[in-house]
Amino acid sequence: MPAATSIAAIAIQRLLPVAVVESVNQGVDLADALARGGITVLEVTLRTDAGLAAIAEISSSRPEMVVGAGTVLTAKAAERAIAAGATFVVSPGLDAGIVQVCVTHGVAVLPGVCTPSEVLQALRLGLSVLKFFPAEQMGGVATLKALSSVFAEVSFVPTGGVTPANLAAYLALTNVAACGSSWLAETALLRAGDLDELERRARAACIQVEATR
Ligand code: 3PG
């Protein structure tokens with residue numbers, strides 16, 4: 001999938017569930033629950049051994065799902081994620097090696113930034129859609145507003161502490177492309193197999209998004 005297509009999918013959805021899966025089945029079940037709730041983008045982190053295999057399975061068996069890899073910490077991990085079928089790569093920070101791998105493969109990359117200097121570095125690398133991480137801890141909505149006045153061409157995907165309580169405030173910002181959140185893929189719900197609640201959360205978040213359109 002071209003980089004621009006997966007970025008567009010995330011920006012249209014305006015939501016990016018962030019999952020830590022302990023098995024391939026958890027990942028596939030989550031993808032199905034999200035899709036039933038109206039969400040067809042998913043970031044599966046590489047924090048567990050199952051992450052990579054879940055990305056591979058979802059990308060091959062759920063073609064409607066735009067699945068990417070999260071918590072990508074090295075260029076090597078980015079290579080592995082792309083080989084597994086990740087259509088986008090998310091990193092908590094900005095690493096030129098990771099960006100280079102993604103650019104070489106034509107895969108979208110969302111590096112994490114939280115300071116103006118990091119935004120400048122990302123712009124220099126040719127990127128203008130960036131993860132803002134950790135969003136709440138780095139000043140949340142107020143910081144994004146301040147960044148918008150100097151970086152008019154940059155959109156952010158705030159992640160870290162985004163919940164139903166503050167989602168609408170983030171989505172109201174013109175420089176927010178989408179919001180990342182583990183609320184939409186909560187580990188306890190995955191463990192308990194509570195797919196109905198995951199579907200309900202997805203649907204509720206989509207309703208919040210619709211209210212901003
Ligand atoms: C991430 O992996 O991007 C964040 O840890 C997700 O943050 P949250 O758990 O506060 O949503």
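Q: Hey, how many salt bridges does the count come to here?
A: The count comes to eight salt bridges, and keep in mind that this is a predicted model.

Q: Nice. Which residue forms a salt bridge with glutamate 22?
A: That would be arginine 191. The closest N and O atoms of the two are 2.6 Å apart.

Q: And where do glutamate 22 and arginine 191 lie?
A: Glutamate 22 is in the loop between strand S1 (15-19) and helix H2 (24-37), while arginine 191 belongs to helix H9 (residues 187-192), so the pair ties together parts that are 169 residues apart in sequence.

Q: Is arginine 191 buried or exposed?
A: Arginine 191 is exposed, at a relative accessible area of 57%. Its partner glutamate 22 has 39% relative accessibility and counts as partly exposed.

Q: Okay, on to helix H10 (residues 195-210). How many residues apart are glutamate 197 and arginine 200?
A: They are three residues apart, about one turn of the helix, and both lie in H10. Their side chains meet in a salt bridge, with 2.9 Å from N to O.

Q: What about accessibility for that pair: is glutamate 197 buried or exposed?
A: Glutamate 197 is buried, with a relative accessible area of 18%. For scale, the cut-off for buried is under 20%. Arginine 200 is partly exposed, its relative accessible area being 45%.

Q: Which residue does glutamate 210 meet in a salt bridge?
A: Glutamate 210 meets arginine 213, side chain to side chain, at 3.1 Å from N to O. Glutamate 210 is partly exposed at 48% relative accessible area, whereas arginine 213 has 55% relative accessibility and counts as exposed.

Q: Which residues do salt bridges with shared partners join into one network?
A: Glu186, Glu197, Arg200 and Arg201 are joined that way.

Q: Changing topic: how many disulfides does a search of the whole structure find?
A: Zero, with the whole structure searched.

Q: Huh. Why is there no bond from cysteine 102 to the closest cysteine sulfur?
A: Because that closest sulfur, in cysteine 114, is 20 Å from the sulfur of cysteine 102, which is too far for a bond; the cut-off for a disulfide is within 2.5 Å. Cysteine 102 is also buried, with a relative accessible area of 0%.

Q: And which cysteine has the sulfur closest to that of cysteine 179?
A: Cysteine 206 does, but the sulfurs are 13 Å apart, again too far for a bond. Cysteine 179 counts as buried too, at 1% relative accessibility.

Terms used: Residues are numbered from 1 along each chain as its sequence is written. This is a predicted model: local features need pLDDT of at least 70, side-chain atom pairs count only at pLDDT 80 or more; totals for chains, interfaces and linings use all residues. Side-chain values use heavy atoms; hydrogens and water are left out. Buried means under 20% relative accessible area, exposed over 50%, partly exposed in between (1.4 Å probe, protein chains only). A salt bridge is a side-chain nitrogen of Lys or Arg within 4 Å of a carboxyl oxygen of Asp or Glu. Helices (H or I, at least four residues) and strands (E, at least two) are DSSP runs, numbered from the N terminus.
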